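Got the viewer open? Let's take a walk through this protein together, one selection at a time.

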Amino acid sequence: MSKRKFIKAFLYGILYLVFPFKILAIEKKIINPNLTEEQKDIMFKEGTERAGSSILNYEKRDGSYHCANCNAKLFDSTAKFDSGTGWPSFTEALPGAFKTKIDYSFGMKRTEYHCAKCGAHHGHVFNDGPGKSGKRYCNNGLCLIFIPN
Ligand SMILES: [Zn+2]
């Protein structure tokens, strides 16, 4: 085999290896077998729930908000506020709870955030929050589980 053919075969080999592993990596993120189709659509296909549909919009008790997929603690109830957007909103996330990524869908530049532990999509963060941080975490209620204190 010539050196050039070898390199070509080698590169194709890497492509074939990497691609199925990428698919596996996405599959692996679904930890909770009880997630509904709607939850999977939001958390793993970057969907969005209908505004005003979440009962968590009305949740006012003290407690914490956890990832519906992996149960990681993401927000404290002290950071929750009524943004009037129809989605549960928070001024800050717990340290290290999320990883962010720039999202260019729908012709807008937005910062989307994912659970740092399982990678599930939760929502978008904006710089117009009312708190000290200036942040507004706009979270899909279906991605959260509220645990009262
Ligand atoms: Zn998670």
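**Start at the edge of the sheet**

Select F81 and look straight across: S89 in β4 stands opposite. Keep in mind as you go that this is a predicted model.

Now colour β3 and strand β4 (residues 89–90), which pair in the antiparallel sense over two bridges. Next, widen your selection to the six strands of the open sheet, and step across them in the order β3-β4-β8-β7-β6-β5, with antiparallel pairing. Which strands stand at the edges? They are β3 (80–81) and β5 (98–103); each has a single partner strand, so one side of each has no neighbour in the sheet. As background, strands in a sheet pair through backbone hydrogen bonds.

**Zoom out**

Show the whole protein chain and you'll find two helices and nine strands. Follow the chain from the N terminus and the elements come up as α-α-β-β-β-β-β-β-β-β-β. Of its 149 residues, 24% count as buried.

**Into the core**

Time to select C67, L74, F75, A93 and C143: of the 22 residues in the largest nonpolar core, these touch the most other members. Then highlight α2 (37–45), β1 (63–67), β2 (73–76), β6 (110–115) and β8 (136–139), the elements that give two or more residues to this core. In soluble globular proteins, nonpolar side chains tend to be buried together.

For the last stop, centre on C67. What is C67 in contact with, leaving aside its neighbours within four places in sequence? Pick out A72, L74, C115, K117, C118, A120 and C143.

Conventions. Residues are numbered from 1 along each chain as its sequence is written. This is a predicted model: local features need pLDDT of at least 70, side-chain atom pairs count only at pLDDT 80 or more; totals for chains, interfaces and linings use all residues. Helices (H or I, at least four residues) and strands (E, at least two) are DSSP runs, numbered from the N terminus. A residue is buried if 20 or more other C-beta atoms lie within 10 Å of its own, exposed if 12 or fewer, and partly exposed in between; C-beta atoms are placed from the backbone. A nonpolar core is a set of buried Ala, Val, Leu, Ile, Met, Phe, Trp, Tyr and Cys residues joined through C-beta atoms within 7 Å. Two residues are in contact if their C-beta atoms, placed from the backbone, lie within 7 Å. Two strands pair if DSSP finds at least two bridges between them.
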